[in-house]
Each structure stands twice: as structure tokens, then as C-alpha cells.
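Let's walk through this protein together, moving from one residue's surroundings out to the chain as a whole. Keep the viewer open as you read.

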Amino acid sequence: MSRRALRRLRGEQRGQEGPGLGQLGIDPGSERAREAGPPPPPGSRPRATVSNRFELIPAEESEDEPVTGEEQVDTRLSEQDTAGGNKEGNKERNKEGAVAEDTDDGQREGEEAEQPDQMPASSNKPRKKKKKRKTKKTSAGDTVEDNDLEDIDSLLERLEDPSGLSLPSQGGLIADSRPLLYVEHRNLNPENELKRYFGARAVLGDQRPRQRQRQYVRSTWLTAPKNTWPRYSKTGIAMRLLDTRRGVQHFTFEHHREYQQVQFKFLDAVESMDPNNIVLLLQMNPYHVDSLLQLSDVCRMQEDQEMARDLIERALYSLECAFHPVFSLTSGTCRLDYRRPENRAFFLALFKHLMFLEKRGCPRTALEFCKLILSLDPENDPLCVLLLIDFLSLRAREYTFLTRLFQEWESHRNLSQLPNFAFSVPLAYFFLSQQEERPELERSQARERAARLIQLALVMFPSVLMPLLDHCSVQPDARVASHPFFGLNAQISQSPALNQLTSLYVGRTHALWKDPAVMAWLEPQTHEVLRMVEARDPLVQEAEHKRKIRYQSAPRNIYRHVILSEMKEATAALPLEVTSQPVMGFDPLPPLDSIVSYTRPERTSHPSNESTLSLFFRSLLPNFNLQGDIRHDGDDEAGAGQDLNQGVNRLMAAMRDMLANIQFQEPPRDDNPEGDGDWD
């Protein structure tokens, strides 16, 4: 009877470990053990004289003894070794019970020495399962899976806080360990947010089969290129790394010569005050960034929001294709200087894009873009997105991020002196206190902080309360309405700069305060502030002194933010020096200390004291110039008279040319004056 038949009669399973050589009655020093020799090479049938490969194992080593460190490494590598391994790998696999992979007779002889008391099992089970079962039957704690579980347990024990916080709280701590302005790529895609709200089928629709037939385009993070866009080619924009200081990399965009020529044509088209000229320029240069920004404003004024948003996305795509290989959107350590005109288009495109996202109902994506803008120049904040980031955090329900921003930046940025942070941060703490999944201790601490901060905000900015209640359609009680601290005098006495900040905040975030629970929380805090005022608390006097000294004039970046936000309440409060100058959508209120890398070539300037007749002839003949060449300083009266005579002669010559070019068209002759009598 063959050994395989004998094994089947015993009901033994292939691939199980056999007992030691001592249990088989074989002497390790016998001639049979010496004749066994090394195992055959992979893929070849062993000699018939080879009996049991387990004879290579010393007789005194039993199955219950712990495996050494060297054998443990071989155990972990046994599943990776296949039949194509070397001879040493085959020996180690035999030690770990990988006999199931060998089908020759010599291996069957080795399998004959199996324990008879093993549970019988079917011989047609997958080999992979037998490997896993064998791995579990090795010495205790030696399997890879058990070690991984032990590593995870030890890691969780090290992360456990002495206060005994639960795992979700620890997850929050891990998330907070990242940089404050860390940007996640997945949060830059508005479709991901819309999928969470409405589902993938409602967002994508029938776009999935079309994407398979779509031509290859460059993958980007800021926007997704569309099939309706023109084919992209190099526009002449590049990005250069200026320097690296203290782990922060400073970059700048650069315009090549061909792009500079297009930029000059764009400036001419803007001065013509005709949007059709910009459209013609975009037909020739479909990815010129400033033209896309300016035409987007024109489309938005014409209530074509979809086209305006599409043009902004195309501008972002053009700029992202010019990124430096080292430039990172997510690290928060890459800087762009707004004083350079080449960099301003990127700031403005990001800001306008996030405004469209907020109106589209994607506040979480808009918050991520806001963090990106702030990370590009956090010290100067050229677009003053700090006036917006609190609103987006509240709308996206990112209360923890807002409170963390306030705690980390209050010491060096003095955020509490901005009305938006003074009121939004306590509102965020109030919303945190309403979350039932949080521990009761944490909720009570959030309520205390919210009450303390909202009282400080009402003391520092009393002019916010009444307009906020008015926008929320809430009638205050008689005590609050009649008290002079919150009355009309508080709004009239504040400076214009502070009036802009308060008007901007009320007009933007009043919808967040309409919650009845918020109003019920605000009412007792308002009465507590009135009690402090009537008691002549020193804090009230100090706040009044700060309002008189500070907020004398707003910086230029706040004016720029008000213009880009287009809030009616704040735009009406802009000073005359801002509203009197022209504001261009591609570069509103450029910095006074701009770093110019190239200049526009000078053009022949026409005097402003031209006559109406001269302007009329110039509209007909663009090359006509009544005054001739530009006069040089120091010309005497004789020279002026001579220039006047020359100008008159030019005017007469232009009139003669115009009259000579006028041709009157003769009416068509009718060979049949009587006609047919038929009408066409």
C-alpha cells in the first residue's frame, strides 16, 4: 500500500506538521538520517532513496518549544517563498509545514509522519487556507497577524491620554497635530462635497460613460478640465523658486516675452471699454489669465453666472499647469508675494472661485480654498481672507478649526479686535456645546467660554447688536432697545473703518444667528452686559478707549476685500479716495509698493485740451493728431504758433482726404421702367 493511501486511511490532512524524529523512532545519527541529504531543487522529482525531510530537524527539538528569532523570521517569510525559491528556502518551508506545495513521492514520505490525533479534514481545501491555519498553530505569539495586533494595541496605549479620553477624542487630537493651514486635496473638489449631500448618482448623472471616451488631459487639483474648453497649450507663464528661508519656499510667476505682448494687447482692450475686444483676444489666446478674470466680471454683471464661473476655473487651470514641480498646495509652506503683478492673478482667481463655491452650496470646499489663500501669504493677507474664514468655518460646521485658529493666532495677530472673530468664535463654542456626542465636561467648558467671549464682544463692539437683530427680524426687549449703550449713538460715534467691519460682518453672517436656540442664548448675555455697563465696570471704559484710538483708517487690503466681496452694506461705507479711482476686476487696488518686473511701452499721449472737432476727426482717422508731436519743455511762443499753423494745415488736409474718399453710389438702372406688374 502506498504512503498516500495509508495517510488517507488514517484520516490525516496534508500540510500538517509531523512530530519530531524522536517520536517517529528515527535516530538522528543513524545512517538513514545521513542518507537523506539536502532536499531536491525546485521543480525536480527527488530520488526514491530520500525519505523524510524532517530528519534535518534535531531530534531533541519538539513542536512545543519556542521558535528562535532566526526561525521566526523564516516563518514570516515562508508565505512569500514559492516553488521557485532556492534550496535553503525550501528547507525553511519544510520546517514551517509548507509540504502541501510539493507533490512528489519524497514529500509524501515526509507527510507520513503526521500526528494521528489531528481532526480529519477534506483534502481538497485551498492551500492558502491551510497556510493560514498552519501559521496559527505555530508557537504562541509568533504569527504576523498577532504581532500586528500587539503593535496596534501598544500604539493605542501610548496614545491614550492620562485623562482617559475616548478614541474619537484621540482622533481629534491626531487631526489637530497637523499644521493649522494644512490643505487636503480631496477637499478641493466640490463634487466630493456634493456627493456627501446628494449622492454620486445625483451629482454625476450620465457623466460616467462619457469620461471613458474622453481624451487625455492633464490631471489637476484646483479644477477639473472640461471637454468644452479649448485645447491647452503653453501660454508663456512659468513659476520660479526665488529662495528658501527657515523651511518656507518663496515662489513667483513669470511672464515670457510672448505673454507680455498679449498682456499689452489686453491692457489696450481694457482701455477701449469694449468687452468685445477682450472676447477677440481670448479667441486668439484662450488661456490668458487676466482676460479670463476681466471677462468673468462682465458675465457676472450680465447675470451669466455659469459662464463667469467657467472662466474662473479655466484661469485656475492655466495657472496650475504652470506650477513649479516643488510648489505644493497642501504643505502650507509655499509663499507668493502679492506685490508682484504676476502673482496677483492667482490670488484673485482663488478668491473668486471660492465665492462661487460658497454660493453654489459648497462651504467646506470654499473653506479649503480660503485656507489655501491664507497660506500663500499669512503675514500680509493681501485679500484679507481673515474677514471671511470665520463665516466659512461656521457654515461648514468646522467649529474646532475656528476655535483652534483663534487660540493659536490671538497672541500675535490680535484676532479679538476684529468684529467677525469677536462674535463668531463664541458662536462656534456655543455650537460645540450643543453637540450631544461630546462629553458633558467638554460641553460645559464650551458653554462657559461662549458666554465669556460673547460678553466681551458686546462690550467691545456694541454697534453690532441692533443691526444684527434687525437683519434677523427680531425685536429686542424694552430694556435693550431703550438703553443708550446699544442705541443709535453707538453706531454714529464709531469710526468709518469700524463701521465697514461691522457692516461687512452683519451683512454676511446674519443668517447664522437666526436660530432660535442662538437667540435664546444671546438674550441673557446681553442683559449681563447691560449690568456691567450700569455698574461702570472698568472693562467697559477700556473698550471705549480702544475704539477711539484704533480703527482710524482701514488698510488697503480691507478695502480690496470689500470690493471683491460686493457686500452692499460694506461697499456703501467705502471712503471717497477708494470710490473715486477706477477699479479693475483683474487688479483691484494694486499695492502701492508693487515690484514691477516689466513695464508697458510708452504710448503717444494725446493732450486733454483737444477740441471737439479734433476728437471727431480722430474717431474717423485714428492716426490723426491735430497737435502734432509732443512738445518739448521750453518751447517759446513762436514755436507754439508754428505748431498751431501746422495743425490747421493737417486738419484741412484731413478734410480734403475725407471728402475725396466719399463716393456716392448711383441707383440701379431699370431697363423696364413700366415693369411686369408682379411683386416678388
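In this predicted model, start at Trp513 and look at what surrounds it. Beyond its neighbours up to four places away in sequence, Trp513 touches Phe423, Leu427, Ile454, Leu468, Cys472, Tyr505, Val518, Met519, Trp521 and Leu522. Trp513 is also among the residues with the most contacts inside the largest nonpolar core, together with Leu222, Phe346, Leu354, Phe421 and Phe423. That core has 132 residues. Its largest share, 11 residues, is contributed by helix α17, which covers residues 341-360. The core draws at least three residues from each of domain 1 (179-203 + 220-380) and domain 2 (384-554).

Several of the partners of Trp513, including Val518, Met519, Trp521 and Leu522, are also buried residues of helix α27. This helix spans residues 516-534, 19 residues in total. From first C-alpha to last it reaches 28 Å, close to the 27 Å expected at 1.5 Å a residue. Besides those four, the buried residues of α27 are Gln525, Thr526, Val529, Leu530, Met532 and Val533. An α-helix has 3.6 residues a turn, so residues three or four places apart point the same way. Which helices do the buried residues of α27 pack against? They meet α21 (419-433), α22 (440-460), α23 (465-471), α24 (478-482) and α28 (538-549). Just after α27, Arg536 takes a positive phi of about 55 degrees.

From α27, step across to α22, one of its packing partners. Helix α22 has 21 residues, and its reach of 30 Å from first C-alpha to last is close to the 30 Å expected at 1.5 Å a residue. Its buried residues are Arg443, Ala446, Ala450, Ala451, Leu453, Ile454, Gln455, Ala457, Leu458, Val459 and Met460; Ile454 is a residue you have already met as a contact of Trp513. The buried residues of α22 pack against α21, α23, α27 and α28.

For a view of α22 from α21, go to Ser433, which sits in helix α21. Is Ser433 buried or exposed? Ser433 counts as buried because its relative accessible area is 0%. Leaving aside neighbours within four places in sequence, Ser433 is in contact with Arg443, Ala446 and Arg447. Of these partners, Arg443 and Ala446 are among the buried residues of α22.

Now turn to the strands. Strand β1 (residues 237-245) is joined to β2 by eight bridges, and the two run antiparallel. Met239 stands opposite Phe253 in β2. The two strands form a hairpin with two residues between them. Arg246 lies in the loop between β1 and β2, where its phi is near 55 degrees, a positive value in a residue other than glycine. Arg246 counts as exposed because its relative accessible area is 88%. By contrast, strand β2 (residues 248-255) is mostly covered, with seven of its eight residues buried. Strand β2 also pairs with β3 (residues 334-336), here in the parallel sense over three bridges, and Phe251 stands opposite Leu336 in β3.

Further along the chain from β2, Gln263 has its place in helix α13 (residues 257-271). With a relative accessibility of 8%, Gln263 is under the 20% cut-off and therefore counts as buried. Beyond residues up to four places away in sequence, Gln263 touches His288, Asp290 and Tyr598.

Another stop is Thr571, in helix α30 (residues 568-571). Thr571 is partly exposed, at a relative accessible area of 34%. Apart from residues up to four places away in sequence, Thr571 touches Val562 and Glu566. Thr571 and Leu504 are 67 residues apart in sequence, while their C-alpha atoms are 8.6 Å apart in space. Glu566 belongs to the loop between α29 (556-565) and α30. It has a positive phi of about 60 degrees although it is not a glycine, and it is partly exposed at 41% relative accessible area.

Finally, zoom out. The protein chain has 33 helices and three strands, and 44% of its 680 residues count as buried. Among contacts with a separation of 6 or more, 71% come from residues 24 or more positions apart. The accessible surface of the chain comes to about 39,700 Å², of which 51% belongs to carbon and sulfur atoms.

Conventions. Residues numbered from 1 in each chain as written. Predicted model: local features only at pLDDT ≥ 70, side-chain atom pairs only at ≥ 80, totals over all residues. Heavy atoms only, no water. Core = buried A, V, L, I, M, F, W, Y, C linked by side-chain atoms within 4.5 Å. Buried < 20%, exposed > 50% of the residue type's maximum accessible area, 1.4 Å probe, protein only. Domains from an automatic or database assignment. Contact = heavy atoms within 4.5 Å. Expected span 1.5 Å × (residues − 1). Areas by Shrake-Rupley, 256 points an atom, 1.4 Å probe, with all protein chains shown as cover. Pairing = 2+ DSSP bridges.
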